[in-house]
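Please look through this structure for charged side-chain pairs and cysteine links. The report below sets out what turns up.

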Amino acid sequence: MTRRILSIDGGGIKGVFPASFLRSIEESVGRPVADYFDLIVGTSTGGIIALGLGLGLPASEVLRFYERHGPVIFGGRRRFQALRRLFRAKYDCVPLKQSLEQVFQARKLGESKKRLVIPSLNIETGEVHIWKTAHSPRFERDYRHAVVEVAMSTTAAPTYFSTYVSASGTPLIDGGIWASNPVAIAAVEAVGILRWAAKDIRILSLGCTTTPLDLDWGRSHSLGMYGWAKGSIIDVFMAAQSNSATGMAQHLLTDSGNLVRINPSVPGNRYALDDANEILSLKGRGDSEARNALPTLRPQFFEEAVEDDFVPFHKL
């Protein structure tokens, strides 16, 4: 039995790109895009998309969330200005939480119609914290938690938003710290937890656009703090994590052709994580990329809906 997985990267407001991509696919195939996947995995902004799809929202409504709320979340309500940003998060969390509450209301993770995996990180212990639906008998707790809580924790990007403290007192931050591209987590979950045969798995991995690394600065020896800052060590970390995740997933699947990665390269500094002024451009890029990719993707992912419905082991 073929098993299909959708994996969605983190990327702040750049989540408009995968949301638009999926909206365009959905319009072409004529039914909710989530109907074609057995498992959906998403980090940070990708986590918001995954949660929305899992709860049965059409991709068009998920895209509308970004169009309507993105300018509010990343708008003028910055908590502190100038030097004070060195010590405080750039944005107030309240608009983000209020926006999520408008869409998800009081719904629980256990209401998801799809198996979901949403990465976060426990900042106190340094341990990974992965939210999961009850798709294994072992997963006895997460399904009771509010979707807003899951979304707030996976999107608590350091320097942008404050650490999210869960109802139980656990301090959580953005899963993008260790799994901005969660495709390896998706493959491990499928093979190691769900026990799906690797040869039967197909993964569609969606990024939020990528910028080529400028490696000229790194050709010098013994770069110090200034040199690495100039070269953006964060970009190096993110590129390395994404590439290694893709490589590990390909090895787990045994056939690299069973993993399709959509993550178009754009010029440097074209899109920022918090630049809501680029929503229209990202939307158009997502639509255009879907138009080009659909003929190739349809045979692997969008010919027929998934063969079985998700029945959780624990229910609300």
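## Salt bridges overall

The whole structure holds ten salt bridges. The model is predicted. Side chains of opposite charge can pair when their charged atoms come close. Three of the pairs are taken up below.

## Asp9 and Arg261

Asp9 and Arg261 form a salt bridge, with N to O at 2.7 Å. This pair links distant parts of the chain, 252 residues apart. Asp9 sits in the loop between β1 (3–8) and α1 (16–29). Arg261 belongs to strand β8, residues 259–262.

How exposed or buried are the two partners? Asp9 has a relative accessible area of 6%, so it is buried. Arg261 reaches 25% relative accessibility and therefore counts as partly exposed. The cut-off behind both calls is 20%: buried means under that value, and partly exposed runs from there up to 50%.

## Lys132 and Glu189

Lys132 and Glu189 also meet in a salt bridge, at 2.7 Å from N to O. Lys132 lies in strand β4 (residues 128–132), while Glu189 lies in helix α7 (residues 183–193), so the pair ties together parts that are 57 residues apart in sequence.

Both ends are buried. Lys132 counts as buried because its relative accessibility is 13%. Glu189 is at 3% relative accessibility, so Glu189 counts as buried too.

## Glu27 and Arg23

Which element holds both Glu27 and Arg23? Both lie in helix α1. They are four residues apart, about one turn of the helix. Their side chains meet in a salt bridge, with N to O at 3.8 Å. The cut-off for a salt bridge is within 4 Å, so this pair counts.

The two partners fall into separate accessibility classes. Glu27 is exposed because its relative accessible area is 57%, and the threshold for exposed is over 50%. Arg23 has a relative accessible area of 15%, so Arg23 is buried.

## Cysteines and disulfides

How many disulfides does a search of the whole structure find? The count is zero. A disulfide is a covalent bond between the sulfur atoms of two cysteines. The test asks for a pair of cysteine sulfur atoms within 2.5 Å, and the search turns up zero such pairs.

Two cysteines can be placed by their accessibility. Cys93 is at 17% relative accessibility, so Cys93 counts as buried. Cys208 is at 2% relative accessibility and therefore counts as buried as well.

Notes. Residues numbered from 1 in each chain as written. Predicted model: local features only at pLDDT ≥ 70, side-chain atom pairs only at ≥ 80, totals over all residues. Heavy atoms only, no water. Buried < 20%, exposed > 50% of the residue type's maximum accessible area, 1.4 Å probe, protein only. Helix = DSSP H or I, 4+ residues; strand = E, 2+ residues; numbered from the N terminus.
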